[in-house]
Amino acid sequence: MNARESSEAVPGEILKSLGELRTIIDTIPALAWSSAPDGCVDFVNRRWQDYTGQSREQSQGAGWETAIHPEDLPGLLSKWEESRDCVADRCEARLRRFDGVFRWFSLRREPLLDESGSITRWFGTGIDIEAIRQRETLHAAELRTLELIADGASLKEVLDQLCSSMDVQVAPSVTTVLLRDADRECLWHGGGLGVPHEWISAIIPVPIAEDGLCGRAAFLKERVIIPDVATDPKWPDEYREIAIRNGIRAAWSEPIVTKDDEVLGTFALYSHELRVPTEEDLALIQGAGHIARIAIERQRSQESLTAALEKIKNSEARLRQVIDTIPTLAWCNLPDGPNEFLNKRWHEYTGLSPEESNGWGWQVAFHPDDLPPLMERWSELLASGESGEMEARLRRYDGAYRWFLIRVEPLRDETGRLLRWYGTSTDIEGLKQTEEKLREEERELRRITDAIPQAIVVQDPSGASIYANQAALDYTGLTAEDVISPGFRERIFHPDDLERLRDFRRLALARGLPFEIEQRALRKDGHYRWFLIRYNPFRNEKNEVIRWYATGTDIDDRVRAEERTRNENLALREQIDRDSMFEDIVGSSEELRRVLRQVAKVASSDSTVLILGETGTGKELIARAIHKRSNRAERAFIAVNCAAIPPSLIASELFGHEKGAFTGATQKRLGRFESANGGTIFLDEVGDLPTDIQIALLRVLQEREIERIGASKPIPVDVRILAATHRDLNLLAAEGRFRQDLLYRLNVVPIKMPSLCERADDIPLLVEYFIGRFGKRVGKKFRTIDKRTLELFETYSWPGNIRELQNVIERAVILSEGDTILVDEAWLAGESPQSRDPKIALNEVLNRQEKEMIESVLAETGGRVSGLGGAAEKLGIPTRTLDSKIKRLGINKFRFKDPHSV
């Protein structure tokens, strides 16, 4: 090749090399540029153009400055101006990407020097450090969070600082932290000052559910992304408008979850523009959520204790200060037992100096009687290397000894080698005195209960026996150990009674109120006897049942006597039913038998019968018995209480009326006589009939026909007339208030009903009959009648006769508890109503009934008036009203309180 060819080949090779160099510069993973010494850019590589979206011409000169963040440009220019003479420099700034997003870059430039050392050109590169800056931001935020926690800042302050740090990184987007509520059903705002107040007020509290952003993230325990708030179906419709109004166009939320998969809350980012988060965005929010989790978990821990432990770890002096300050005697011993350290309180209490108590010198502070067993126990612990407790008396500086509880714990290294013994000594003198007092009180109580000739068993709240007095042990032949052993109740009570009362006793114990049961207990000779067992609860200051006291009273003789009486009464009742067949008439007295014999004789005829007797003696029952045994038994029995019908209506009621007979007579109406045609009509309280009705009744008796009001012709009737009255008709006739001729017509066959006082022998049968009748109605069964109650029944005059007895029994059935009928003597203590002013008698009856009801409920509630389950709640009246009634009626509510429950 000649010189000319050679010279022409060189530029081609240079151009080829320049092309290859440009390709390399465009390919390197960095933004590259070159500029003149004054900073004017004359070249940018392809990656610069692709990233910034600027062409090479737009970037030349000072055009590149438009790609730098406005906040970073002044500092960058100033730095490069200052380093004009430097060999190289480096700085960081945010560059705008083609889509408008700014990212952090590390900008580095190097000068090209000539032989004289003058700068002829600048060459620079830009490396994307956004991920590095995010990590640094997260690290700085984590450090700042930990600093705030260490400084005792509140969780709100910590989370606000975290969100503020993130807001700087993601501006103009904002972040927030929502915390899960304690009830685990919703989220509350925990931090984030940049979130619009209107938005937070609108969404809080956020329900944890499948819809929405943060609530859905907490529900699913996974990240939720909403790229377009306006169209995304997962965004609730009711929050679209307010979100857009507050600049929220896109959002994503990261759940804050512990290692145990517990959701603590969410970390959310609200974007001002529509976009899908990048990997860096997701990494940032995930990291922020991690920091928030640290803050929340650490906040949950006990800050004061953590700070104290940190200080203790960092300073032995601080540790000793804490040990000296804690309100107990603390110490440290070497592995073989000698003392190494005693805290200040130990020295102040014993009065011994550190020199006097070091090693084994501490032994002189213990009571001489307690030192041998103490050292024996200490030797056992040294040999075993296990923790333990001891009790001993420690001498105070003034010479007084007090009981202390000594607890010892070994400290071992990771290999299990024993390093130290740590222990505390806690003053238990008060506890010892209390225990001794309780033991003495228990001994005294047991001496008292053992002296009581009644069987007493103490039970725990569940009903398990823990103690029985001497009377119970003597009866059963068992020992105190047998009482606390399993199966104690099964050993002494009849199996049938255990099965019968199991559910009742369990429910009664659960209610915590006094109750009683009757069951058979096995005597040591193998025979069962009936006992009445009364359970009374003993409560602590919190009103909790801590003991049950069960007292047993031998009632075997009474139960067997009642059983005999019951059988005799049953047999007698059956005999009466067989003999008389008077189903609703109860009694076997001669007076009643005489009446029933009269009924049997007169029933088959159609004669008029006049039944005489006091109020409540059962006159209507006798009338029904006559009808049932008459030839008219298959026809109607019509009863009319003449005293209960107004005088103006009685004619219409008895004889009927035609339509239009009087004002209001809109249709024809049959009277009672017509309704009873072919049967029997019973005219009760016939002595109260007005005179004009007496005349009409006389016509019925004479002519056997009636005439409706407003009718023009009589109507024949075939009716048997039975009449009754508690009045003296002869006296009324003498006074002119009852027609003499009507009396003759009614008094064909007179039957005189005896009063209950005259047939006192029937009271037990009547009582049993009414108890069974009313007990069945209310769903109760009664086994016995209180002996005192039966005596009251037999000695009372019964002015209201059987009706009064029936009412008393009905009240007793309703108010009695258990299976024994009890009657309050006050129920039978009233005077005869005829001898008193009716208004006064009525008031006294009402007051007495009201007092009985209030006292019954107070007994049930243990004297408690107000509160849940109190007497006022059970009666359904205000507490103030009940207190007023208690005061007015003279009720002593304190006598119903359980003395053991105070």
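Here is a quick tour of this protein, from its overall make-up to its cores, sheets and a few single residues. The model is predicted. The protein has 902 residues, and 41% of them count as buried. Its secondary structure comes to 34 helices and 32 strands.

**Overall numbers**

- Take the contacts between residues at least 6 apart in sequence: 55% of them join residues at least 24 apart.
- The accessible surface adds up to about 49100 Å², and carbon and sulfur atoms account for 52% of that.

**The largest nonpolar core**

- This core holds 31 residues, and Phe673, Ile681, Leu683 and Ile721 have the most contacts inside it.
- Seen by element, two or more residues each come from strands E23 (637–641), E26 (680–684) and E29 (720–725), and from helices H24 (647–655), H26 (691–703), H27 (729–734) and H28 (740–746).
- Helix H26 gives the most, with 5 residues.
- Elsewhere there is a second, separate core of 27 residues, with Phe267, Ile285, Ala295 and Ile296 among them.
- Back in the largest core, what does Phe673 touch, leaving aside its neighbours within four places in sequence? Its contacts are Leu654, Phe655, Ile681, Leu683, Leu697, Val700, Ile706, Val717, Val719 and Ile721.

**Strand E26 and its partners**

- All of E26 is covered, with 5 of its 5 residues buried.
- That goes for both faces: Thr680, Phe682 and Asp684 are buried on one side, and Ile681 and Leu683 on the other.
- E26 pairs with E23 in the parallel sense over 5 bridges, and Ile638 has Ile681 as its bridge partner in E26.
- E26 is also joined to E29 by 5 bridges, again running parallel; here Thr680 stands opposite Arg720 in E29.
- Helix H24 has its own buried residues, namely Ile650, Ser652, Glu653, Leu654 and Phe655.
- Just after H24 comes Gly656, which takes a positive phi of about 85°.

**The five-stranded open sheet**

- This antiparallel sheet has 5 strands in the order E13-E12-E16-E15-E14.
- Strand E13 (339–342) and strand E14 (388–395) are the edges, each pairing on one side only.
- On average, neighbouring strands are turned by 25° against each other, direction ignored.
- Helix H15 (residues 371–384) packs on the sheet, where it touches E12, E14, E15 (401–412) and E16 (418–427). The direction of H15 makes about 150° with that of E14.
- Helix H16 lies across E14, E15 and E16, and runs at about 120° to E15.
- Strand E12 (residues 329–333) is joined to E13 by 3 bridges, with the two running antiparallel. Trp331 stands opposite Leu342 in E13.

**Two residues worth a look**

- His367 sits in the loop between helix H14 (354–357) and H15. Is His367 buried or exposed? Its relative accessible area is 15%, so His367 counts as buried, the cut-off being under 20%.
- Leaving aside neighbours within four places in sequence, His367 is in contact with Arg393 and Tyr401. The C-alpha atoms of His367 and Arg393 are 5.5 Å apart in space, although the two residues are 26 apart in sequence.
- Asp450 belongs to helix H16 (residues 429–451). Its relative accessibility is 32%, so Asp450 counts as partly exposed.
- Not counting residues up to four places away in sequence, Asp450 touches Tyr467, Asn469 and Gln470. Asp450 and Ala471 are 21 residues apart in sequence, with 6.5 Å between their C-alpha atoms.

**The E19–E20 hairpin**

- Strands E19 (residues 515–522) and E20 (residues 528–539) run antiparallel and are joined by 8 bridges.
- One of the pairs across this hairpin puts Ala521 together with Arg529, its bridge partner in E20.
- The hairpin has 5 residues between the strands, and Gly526 takes a positive phi near 95° there.

Notes
Residues numbered from 1 in each chain as written. Predicted model: local features only at pLDDT ≥ 70, side-chain atom pairs only at ≥ 80, totals over all residues. Heavy atoms only, no water. Core = buried A, V, L, I, M, F, W, Y, C linked by side-chain atoms within 4.5 Å. Buried < 20%, exposed > 50% of the residue type's maximum accessible area, 1.4 Å probe, protein only. Helix = DSSP H or I, 4+ residues; strand = E, 2+ residues; numbered from the N terminus. Contact = heavy atoms within 4.5 Å. Pairing = 2+ DSSP bridges. Axes fitted to C-alpha atoms, helices over the stretch in contact; angles between N-to-C directions. Areas by Shrake-Rupley, 256 points an atom, 1.4 Å probe, with all protein chains shown as cover.
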